[in-house]
Amino acid sequence: MRICMISGESNPFLKTGGLGDVVYSLSKKLVTYKHPTSIIMPYYRKIACDTKGCILSRVADFNVKMNWRNQSCQVFKTNYEGINFYFIKNDQYFTCRDDAYGYDDDAERFAFFQLAAMQLIHDLKLPFDVIHVHDWQSSMIPLIYHQFYENKLVRNPKFILTIHNSLFIGYTHRNNLYDFFNISTEYYDNGLTRFNDSIGYLKTGIMTADKVTTVSPTHAEELLKGWDGSGLQGSFELRRQDLSGIINGIDTKEWDPRIDPMIRHNYSIKNALEVRSKCKEEFAKALGFAHPEYPLFVCVSRLSYQKGIDLITGAIPELVRRNCNIYILGTGQKEIENEVLSLQARFPENVVAQIAFRNDLAHIAYSSADFFLIPSRYEPCGLTQMYSHRYGAIPLARATGGLVDSIIAYNGNNEDVADGILFNDYSLDGFLWACNLAINLYYNQDKMNKIIHNGMKANHTWTKSFKEYVALYKKVVGK
Ligand code: ADP
Ligand code: GLC
């Protein structure tokens, strides 16, 4: 089976969140099992500055026609860990920008990206059985294929769309169907592309991919119930037969406290308790907490509405009163960044906030936290609870989406099986209830140690989910 991932991001070259982790770690698993896998992604400035030691060779040069525009495109290729990476380069859209997303012309940038990706597959005669697209950044691909490439590629591929986040739709004005994609505006009115009186890239993908997946079984149910709040419930209902949830796995090589070069001291499940306490003490001192011995609550997250940071900021005065330390590492919405910084100023002895996206600090944080906070409003899968498990930090999360599927909740007396703390209601009371359970646990080290061990033993490898993807690929191509 030959697979092509088309994604707005992928490790190790660029990641803004879990999407970059998942596209890469799933691809690595696929090549290990002899399924040749390629990833097509934009050539961002960050990649130009750091190629991760890879030599990139120029493999294609063409123009992409977007109605009146004729945009130049160069494609660079490298092989990393057995995966073929193709980087779509255009200075105006990607190389001259600091960030991956967040620009007014994102819809145009990713229209170009998707058209260029399909042109590349066509021109280089790349023989893919399955084209696996992810989120809004590549979800117009099946429609582009049906419009322009059906029976014109060396192999007729099938299309899987994986939804990592249904609240990012990728909107553009209806005229841009023609203006960006050269697709007649009659497709606006036939129900495939129209969403809230605009073109919705994600909606288009849901309607045109052969199969649609999301990143956990519970979240697939939530999508069908409309609980994600995206407004796409009707489209999911129409594709009910083709929609499923496959839980993410993690890259167990990058996330392994036994060999992780980024953490202060390495450890395994055997010596985790003593070594982790050294990691915590050193980290807490380095951050300048007045009482490094207090329970340490950590949050490493995008600071966005989705992640429920308002519950953390709301709970901080009470957590401080209860003699806890809180460390927040994140970037995102300015008002949340400011709120977090103001709490640091108000409680300088107990709260440290770093507004940064730093993978090295994230690794150190997982190895040092007592409790890892994930009070999300919604969470399609979540990876940070899985990294927490592996590093012996206890996840404290809201019972939603993939968090339900990957955490066994502690109820006060099931420490033999529990590996985390879950709360149901999205409310400050619900969150403080869970924090109280955590603080009590902290002062009952026997129980706490059992829960840490259970988490470290949890299996979040790709082994099972990867087989589900391969089965889906085979089913869709009819093998
Ligand atoms: P999402 O994709 O919704 O952001 P996930 O839990 O799937 O959530 O993945 C988040 C990923 O991004 C994890 O690898 C996490 O460690 C990383 N991450 C989030 N914020 C930061 C940050 N400020 N610095 C470093 N890594 C971060
Ligand atoms: C999204 C989701 C997150 C998921 C990640 C990777 O960004 O918010 O829950 O883990 O994608 O699939």
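## Ligand 2

An oxygen atom of ligand 2 sits 2.8 Å from an N or O atom in the side chain of Asn-248. That is a distance in a predicted model, so treat the figures below in that light, since local features here need pLDDT of at least 70. Gln-306 does something along those lines too: an N or O atom in its side chain is 2.9 Å from an oxygen atom of ligand 2. Cys-381 joins in through its main chain, with a backbone N or O atom 3.0 Å from an oxygen atom of the ligand.

How many residues surround ligand 2? The count is 14, and the closest are His-164, Asn-248, Gln-306, Glu-379 and Gly-382. Hang on to Glu-379 from that list, as it comes back under Lys-307.

## Ligand 1

Ligand 1 has 22 residues around it, and Gly-18, Asp-21, Arg-302, Lys-307 and Ala-356 come nearest. Gly-18 uses its backbone: an N or O atom there lies 2.6 Å from an oxygen atom of ligand 1.

Asp-21 and Arg-302 use their side chains. A polar side-chain atom of Asp-21 is 2.7 Å from an oxygen atom of ligand 1, and for Arg-302 a side-chain N or O atom is 2.7 Å from an oxygen atom of the ligand.

## Lys-307, on both lists of contacts

Lys-307 is among the residues that come nearest to ligand 1, and its side chain makes a polar contact of 2.9 Å with the side chain of Glu-379. Glu-379, in turn, is one of the closest residues to ligand 2. So what does the chain look like around Lys-307? You'll find Lys-307 in the loop between strand E13 (296-303) and helix H12 (309-321).

Is Lys-307 buried or exposed? Buried, because its relative accessibility is 14%, under the 20% cut-off. Setting aside neighbours within four places in sequence, Lys-307 touches Ser-301, Arg-302, Pro-375, Ser-376, Arg-377 and Glu-379. Arg-302 is also one of the residues nearest ligand 1.

## Cysteines

Which cysteine sulfur is closest to that of Cys-381? It belongs to Cys-299, and at 17 Å the two are too far apart for a bond, given that a disulfide needs sulfurs within 2.5 Å. Cys-381, whose backbone comes up in the ligand 2 contacts, is itself buried, with a relative accessible area of 2%.

Cys-435 tells a similar tale. Its closest cysteine sulfur is in Cys-324, 7.7 Å away, which is too far for a bond, and Cys-435 is buried at 1% relative accessible area. The disulfide count for the model comes to zero.

## Strand E5 and its partners

Strand E5 (residues 83-89) has six of its seven residues buried, so it is largely enclosed by the rest of the structure. Strand E2 (residues 37-42) runs parallel to E5 and is joined to it by five bridges. Strand E4 (residues 69-80) pairs with E5 in the antiparallel sense, over seven bridges.

Phe-87 is a handy landmark in E5: it is the bridge partner of Met-41, and Phe-76 stands opposite it as well. E4 and E5 make a hairpin with two residues between them, and Glu-81 in that turn has a positive phi of about 50°.

## Tyr-24

Tyr-24 lies in helix H1 (residues 18-32) and counts as buried, because its relative accessibility is 6%. What is Tyr-24 in contact with, leaving aside neighbours within four places in sequence? The contacts are Ser-10, Asn-11, Pro-12, Ile-39, Tyr-80, Glu-81, Ile-83, Phe-85 and Asp-251. Glu-81 there is the hairpin-turn residue with the positive phi.

For a long-range reference, Tyr-24 and Glu-349 are 325 residues apart in sequence and 39 Å apart in space, C-alpha to C-alpha.

## A three-stranded sheet

Elsewhere, three strands form an open antiparallel sheet in the order E8-E10-E9. Strand E8 (171-172) and strand E9 (194-195) are the edges, each pairing on one side only. Helix H8 (residues 201-208) packs on this sheet, touching E8, E9 and E10, and its direction makes about 55° with that of E10.

Two bridges join E8 to strand E10 (residues 198-200), and the two run antiparallel. Across that pairing, Tyr-171 stands opposite Gly-200 in E10.

Conventions
Residues numbered from 1 in each chain as written. Chains lettered and ligands numbered in written order. Predicted model: local features only at pLDDT ≥ 70, side-chain atom pairs only at ≥ 80, totals over all residues. Heavy atoms only, no water. Pairing = 2+ DSSP bridges. Helix = DSSP H or I, 4+ residues; strand = E, 2+ residues; numbered from the N terminus. Contact = heavy atoms within 4.5 Å. Axes fitted to C-alpha atoms, helices over the stretch in contact; angles between N-to-C directions. Buried < 20%, exposed > 50% of the residue type's maximum accessible area, 1.4 Å probe, protein only. Near = heavy atom within 4 Å. Polar contact = N/O pair within 3.5 Å; in protein donor to acceptor, adjacent residues only side chain to side chain.
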